[in-house]
Amino acid sequence: MTFSALSHLECSRDGSRHDADVVQGTSPLGAPLLARYDLAQVAGTVTREEIAARPPTLWRYHELLPVRSEQHVVSLGEGMTPLLDLPRHGARLGVPRLRMKDEGLVPTGAFKARGAAVGVSRAAELGVRGIAMPTNGNAGAAWAAYAARAGLDALIAMPVDAPEITRRECVVTGAELYLVDGLIGDAGALVKRAVAGRTGYQDTSTLREPYRIEGKKTMGYEIAEQLGWRCPDVILYPTGGGVGIIAIHKALLELRELGWISGDLPRLVAVQAAGCAPIVEAFEAGLDESTAPADPRTVAFGITVPKALGDFLVLDAVRSTGGIAVAVTDDELLAAQRQLARDEGTWICPEGAACVAAVGQLREQGWLGGGEDVVVLNTGAGLLYPDTVPVDVPTLAKDGVIPAR
Ligand SMILES: Cc1ncc(COP(=O)(O)O)c(C=O)c1O
């Protein structure tokens, strides 16, 4: 068995085949390219038990990842994050079987490390000299870290409003960083022009290179494996560019084709913030593509993506699984962040908190049943967003008095 069963790339619009062993961007139609594997070969040579016995990183699924040679794996120990029970908070929301896949515990503090580990490894394997990308912060920080680990250059452009810590993450790992007075799309246009003038650089913008999605799909593999190769009833995902939800859908389809899971897939829920909810609007209008909102704005900065290249794939993931797309307000998600921390001791990012708030909303509407197995994705650590929690506590003089209780 070879290290990877990667066979080819497939255009997500017309299904045409493309060479996986050269550096690729989007398909000739401008659509994302999806990696395809020889799944029959994988099913014939690896078992779920063998996978379970491997080290606890996402590379345990290496046959289903695109890196051909083990020596090209660039790792900081990413993957196999905990799937935490949330009994107290679940009971509060009327969903006692609520769990959270906690991606705050990966290197760089956000799930973006998964896409970066696989994307950078494959870029290095294919001979790329530098990666270049626009980002809402976390992805740039992750790709900068893995590029440093791989010995590649990293050119990152992010909106000035992106979480401040992510700038520092880029700087400390030696990336070439630019702040842009605009949104992620503006940063993307700048990067595109820069890459055109540099040899050996690859534009690794969201869904404009094929392998970030492959790293992120391991969230789907892990959820199934951690539940004993079984699916939950519902998975909620904070959707910006949509890579994660597209990837989880892809992962579950692959597992089913491998025969490692059976039955219906979980209903996939795309959660957005009310201040930037193009996917929700398209879903509700019965459309296959989204339209950018006029003034996108939310405290959940990672999901401030006005127009996602893969919007049609997100909508397909949601609709084909019987899922839904929902928006929550910033007040609701910040309240959920605070209440979850009080109930369970875990401080999650505002994007993850949007999913927790959405659970409450969907339970109230009756869309979620009280006996269902529900998994929310927390895509990053609350520590990356210190400003989401105001601190209003007394400062005491040295001889002050702490009230008796
Ligand atoms: C913390 C966090 N959650 C979610 C997202 C959205 O990611 P996706 O592109 O997978 O929709 C981002 C993207 O920047 C993010 O930083």
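This briefing describes the surroundings of the ligand and one sheet of the protein. The model is predicted. The ligand occupies the largest pocket, and 18 residues surround it. Elsewhere in the description, an open sheet of three strands is considered.

**Residues around the ligand**

- The closest of the 18 surrounding residues are Lys112, Tyr237, Gly240, Gly242 and Thr379.
- By residue class, the shell around the ligand comprises seven nonpolar, eight polar and three charged residues.
- Strand E10 (234–238) contributes at least two residues to this shell, and helix H10 (243–258) likewise supplies at least two.

**Polar contacts and cover of the ligand**

- In the side chain of Tyr237, an N or O atom is 2.5 Å from an oxygen atom of the ligand.
- For Gly240, the contact involves the backbone: one of its N or O atoms lies 2.8 Å from an oxygen atom of the ligand.
- Lys112 places a polar side-chain atom 3.1 Å from an oxygen atom of the ligand.
- On its own, the ligand has 400 Å² of accessible area, of which the protein covers 97%.

**The three-stranded sheet**

- The strands of this open sheet follow the order E2-E1-E3, and their pairing is antiparallel.
- Strand E2 (17–18) and strand E3 (33–37) form the edges, each pairing on one side only.
- Five bridges join strand E1 (residues 6–11) to E3 in the antiparallel sense.
- Leu9 has Ala35 in E3 as its bridge partner.

Conventions:
Residues numbered from 1 in each chain as written. Predicted model: local features only at pLDDT ≥ 70, side-chain atom pairs only at ≥ 80, totals over all residues. Heavy atoms only, no water. Near = heavy atom within 4 Å. Polar contact = N/O pair within 3.5 Å; in protein donor to acceptor, adjacent residues only side chain to side chain. Areas by Shrake-Rupley, 256 points an atom, 1.4 Å probe, with all protein chains shown as cover. 1 Å grid on protein atoms, 1.4 Å probe; cavity = no way out; pocket = protein on both sides within 12 Å on 5 of 7 lines; lining within 4 Å. Sits in = over half its atoms within 2 Å of the grid points. Helix = DSSP H or I, 4+ residues; strand = E, 2+ residues; numbered from the N terminus. Nonpolar A, V, L, I, M, F, W, Y, C, P; charged D, E, K, R; others polar. Pairing = 2+ DSSP bridges.
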